[in-house]
Amino acid sequence: MCISCILVLAPLYADDIQWPKSVFPTDQPIGKVKNIRETAYTVKIVDGEISRNFKYELILRYDQQGNLQSEEYYKQDGSPANRIDYTYENGKLVLKTQSHPSIKNPDREIFTIGDRGEILEAEKIFSKGNYGWKFKNTFDSSGKIIQTNKYDRYWKWQLVYSRIFEYDESGRLNVTEGFGMKNELLWRDEHIYNDNDQIVESIKFNPEGDIVVKIVNDYNDYNQFVRREFFDKNNDSYAVY
């Protein structure tokens with residue numbers, strides 16, 4: 001029997017490692033209040049024998065307000081692999097950049113924030129090719145998102161996908177629907193809650209209204225999640241977590 005998984009060692013406080021200025025053009029001041037180091041390995045168990053292979057080392061850096069400033073990934077030899085930087089204004093995330101030593105210009109994700117801190121728009125611009133997308137979100141008077149539209153740069157910024165969100169009388173999300181380029185229904189999700197506002201059942205339907213998958217969650221007497229079971233269109237269980 002072969003079992004494969006990812007192992008992440010317990011995080012440690014990292015040393016004050018600084019990236020070379022020449023490697024990434026998006027370098028910004030690095031927070032020194034809390035630095036966390038994680039090392040991930042791929043673990044395989046074959047016939048009772050355990051093998052472990054290095055996957056990556058990750059360093060997370062935070063500013064004085066506790067905002068994540070950067071995710072820095074390193075190879076086994078200690079050289080930089082990938083990096084994600086976060087920029088904030090008034091405590092709100094407004095820019096996310098993803099860089100790699102072999103790429104001169106980073107991928108950028110730009111956020112437009114509303115007065116209540118909600119994300120009105122999120123635009124992704126890739127460093128290579130004519131690729132990118134933009135999400136525009138609509139909220140109700142209580143601040144709940146009710147619709148999100150995706151526009152694609154490749155399709156000359158046409159609307160390519162949208163989602164509609166509905167809530168029950170208690171303000172809990174109970175219906176989500178996805179629509180395609182021609183406003184055709186692609187799928188529908190429905191959620192059922194218990195008295196503790198925990199999802200006990202989620203059902204995904206296809207455009208014809210047939211069940212695709214049903215997910216049932218179980219909780220113990222302390223309202224802690226303990227079990228998740230998946231059922232197919234015939235209501236036969238096929239996976240338990």
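Mentor: Patches are made of residues with over 30% relative accessible area and no salt bridge, with nonpolar side chains joined within 5 Å. Keep in mind that this is a predicted model.

Trainee: Okay, which residues make the nonpolar surface patch here?

Mentor: F126, Y131, Y154, W155 and M181 make it, and the patch covers about 550 Å².

Trainee: Why is Y154 called exposed?

Mentor: Exposed means over 50% relative accessible area. Y154 comes in at 52%, so it counts as exposed. You'll find Y154 in the loop between β11 (145–152) and β12 (158–167).

Trainee: And what makes N90 exposed?

Mentor: Same kind of check: the cut-off is over 50%, and N90 has a relative accessible area of 81%, so the label is exposed. N90 lies in the loop between β6 (80–89) and β7 (92–100). Its C-alpha atom is 9.6 Å from that of G117, although the two residues are 27 apart along the chain.

Trainee: Why does R37 count as buried?

Mentor: Buried means under 20%, and R37 has 17% relative accessibility, so it counts as buried. R37 is part of strand β3 (residues 34–46).

Trainee: What makes the link between the side chains of R37 and E57 a polar contact?

Mentor: The limit for a pair of N or O atoms is 3.5 Å. The R37 and E57 side chains are joined at 3.2 Å, so the distance fits.

Trainee: Where does pLDDT stay under 50?

Mentor: Over residues 1–31, where the model has 94 contacts beyond four places in sequence. Where pLDDT is low, the predicted coordinates shouldn't be read in detail. For the protein chain, the mean pLDDT is 85, and 85% of residues reach 70 or more.

Definitions and conventions. Residues numbered from 1 in each chain as written. Predicted model: local features only at pLDDT ≥ 70, side-chain atom pairs only at ≥ 80, totals over all residues. Heavy atoms only, no water. pLDDT = per-residue confidence, 0-100. Contact = heavy atoms within 4.5 Å. Helix = DSSP H or I, 4+ residues; strand = E, 2+ residues; numbered from the N terminus. Buried < 20%, exposed > 50% of the residue type's maximum accessible area, 1.4 Å probe, protein only. Polar contact = N/O pair within 3.5 Å; in protein donor to acceptor, adjacent residues only side chain to side chain. Patch = residues over 30% accessible without salt bridge, like charges linked within 9 Å, V, L, I, M, F, W, Y side chains within 5 Å. Areas by Shrake-Rupley, 256 points an atom, 1.4 Å probe, with all protein chains shown as cover. Salt bridge = Lys/Arg side-chain N within 4 Å of Asp/Glu carboxyl O.
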